[in-house]
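This report goes through a protein model from its charged pairs to its metal site, its nonpolar core and its unusual backbone positions. The sequence and structure come first.

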Amino acid sequence: MSTAYISHADCRRHEMGAGHPECPQRLDAIEDWLIGTGLDVALQRFDASNASPQALERAHSSAYIAHIRDLLEGLAASGETRAIDPDTIANPYTWSAALKAAGAAVQATDLVLDGRVENAFCAVRPPGHHATRDQAMGFCFFNNVAVAARHALDVRGLKRVAVVDFDVHHGNGTEDILAGDDRVLMVSIFQHPLYPFSGAVPKGENMVNVPVPPYTKGGEVRELIEAMWMPALERFKPEMIFISAGFDAHREDDLGQLGLTEADYEWITLRLQDVARRHAKGRIVSCLEGGYHLDALARSVGAHLRVLAGV
Ligand SMILES: [Zn+2]
């Protein structure tokens with residue numbers, strides 16, 4: 001069994017302007033690290049395909065999908081750029097990139113459920129966990145992980161899936177979409193207060209939210225994960241685990257003030273892999289969310305992928 005690595009050239013063409021931290025170079029940094037460390041030979045590469053309208057509708061309203069499609073297809077035709085909010089900017093390639101990012105997550109789910117690989121990592125942008133059912137925000141357009149989780153449940157017939165989010169920012173979009181869906185357990189840990197300033201009070205009984213103050217270090221994060229996530233995951237016995245893999249809680253990342261290191265990402269991935277192997281036949285689909293210090297991002301994704309690939 002192996003690990004799929006799913007990406008697409010269009011995910012590099014979506015750009016939000018000079019100096020924007022969510023930049024195409026993030027994917028280059030990851031690629032360079034994988035090649036430089038030889039880790040790439042342990043991965044099975046796939047080109048992402050587009051998410052279908054039906055796949056998107058499992059997580060987003062038809063009105064939102066129609067609105068964002070008209071807007072982004074318009075930019076693709078005119079060659080213009082448009083700010084959705086002060087942080088979230090669309091260029092002529094954003095439509096294609098957003099479809100590939102969500103499509104990669106669906107494709108990863110199918111590859112894993114078909115037994116072609118044990119687990120999969122989607123090296124995609126735009127990220128997804130801030131995109132709500134009806135709104136693009138926080139660098140996100142479609143909620144890649146929520147689209148994939150609903151595909152696993154509604155199309156592939158799974159009964160229980162877990163969504164794990166360790167990005168430094170609260171995954172408000174994923175919570176908005178999946179709160180109250182008792183086929184899903186979502187566990188997350190995030191800095192609070194920090195953008196988008198939500199999450200302190202969970203929106204549903206299927207949400208295990210662990211807000212932590214700025215300057216929390218890896219040891220404390222591990223203790224909280226052990227105490228808060230693990231018992232909930234054990235009780236829930238997920239048949240598959242989806243990870244919103246943001247690496248901006250790294251101590252070198254300036255978008256948050258948490259103190260995680262590569263070793264912490266390795267530890268978290270090992271803990272999740274242990275749950276997945278006992279309850280879910282090892283099935284994990286991990287999607288890139290944040291992570292803006294290019295070197296720290298590359299090293300952290302490397303640590304995450306080494307565990308997933310078992311090398
Ligand atoms: Zn983030």
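Is Glu-118 buried or exposed? Glu-118 is buried, at 13% relative accessibility. Buried means under 20% relative accessible area, exposed means over 50%, and partly exposed lies in between (1.4 Å probe, protein chains only).

The model is predicted: local features need pLDDT of at least 70 and side-chain atom pairs count only at pLDDT 80 or more, while totals for chains, interfaces and linings use all residues. Residues are numbered from 1 along each chain as its sequence is written, and side-chain values use heavy atoms, with hydrogens and water left out.

**Salt bridges**

A salt bridge here is a side-chain nitrogen of Lys or Arg within 4 Å of a carboxyl oxygen of Asp or Glu. By this rule there are 21 salt bridges. One of them joins Glu-118 to Arg-277, with the closest N and O atoms 3.1 Å apart. Because Glu-118 sits in the loop between α5 (94–113) and β5 (119–122) and Arg-277 in helix α9 (residues 262–279), this pair ties together parts that are 159 residues apart in sequence. Helices (H or I, at least four residues) and strands (E, at least two) are DSSP runs, numbered from the N terminus. Arg-277 is partly exposed, with a relative accessible area of 49%.

Glu-262 forms a salt bridge with Arg-299, the closest N and O atoms being 2.8 Å apart. This pair also links distant parts of the chain, with Glu-262 in helix α9 and Arg-299 in helix α10 (residues 294–309), 37 residues apart. Salt bridges with shared partners join Glu-226, Glu-234, Arg-271, Asp-274 and Arg-278 into one network.

Asp-181 and Arg-183 meet through their side chains in a salt bridge (2.9 Å, N to O). Asp-181 is buried at a relative accessible area of 10%, and Arg-183 is partly exposed at 27%.

**Zinc site**

Donors are N, O and S atoms within 2.8 Å of the metal (3.2 Å for Na, K and Ca), and sites may look incomplete because water is not among the atoms. The zinc ion has protein donors from Asp-167 (OD, listed twice), His-169 (ND1) and Asp-248 (OD), lying 2.0 to 2.8 Å from the ion. In sequence the donor residues follow the spacing D-x1-H-x78-D. Two of these residues are covered: Asp-167 is buried at 1% relative accessibility, and His-169 is buried with a relative accessible area of 8%.

The angles among the four donor atoms run from 51 to 152°, and the site is irregular. Four donors count as tetrahedral if all angles lie between 85 and 135 degrees; four count as square planar and six as octahedral if opposite donors are over 155 degrees apart and all others between 65 and 115; anything else is irregular.

**Nonpolar core and helix α5**

A nonpolar core is a set of buried Ala, Val, Leu, Ile, Met, Phe, Trp, Tyr and Cys residues joined through side-chain atoms within 4.5 Å. The largest such core has 100 residues, of which Phe-142, Trp-229 and Phe-242 touch the most other members. Helix α5 gives the most to this core, with 12 residues.

Contact means heavy atoms within 4.5 Å. Leaving aside residues up to four places away in sequence, Phe-142 touches residues including Leu-56, Tyr-64, Ile-68, Trp-95, Leu-99 and Pro-127.

Of the 20 residues in α5, 19 are buried. The helix reaches 29 Å from its first C-alpha to its last, close to the 28 Å expected at 1.5 Å a residue; the expected span is 1.5 Å times one less than the number of residues. Gly-115 follows α5 and has a positive phi, near 75°.

**Backbone exceptions**

Most residues other than glycine have a negative phi, and most peptide bonds are trans. The table lists four positions that depart from this pattern.

| Position | Backbone value | Location |
|---|---|---|
| Arg-125 to Pro-126 | cis, omega near 0° | Pro-126: loop between β5 and α6 (144–155) |
| His-192 to Pro-193 | cis, omega near 0° | Pro-193: loop between β7 (184–191) and β8 (207–212) |
| Phe-197 | phi near 65° | loop between β7 and β8 |
| Lys-281 | phi near 55° | loop between α9 and β10 (284–288) |

Phe-197 is exposed, with a relative accessible area of 57%. Lys-281 is likewise exposed, at 66%.
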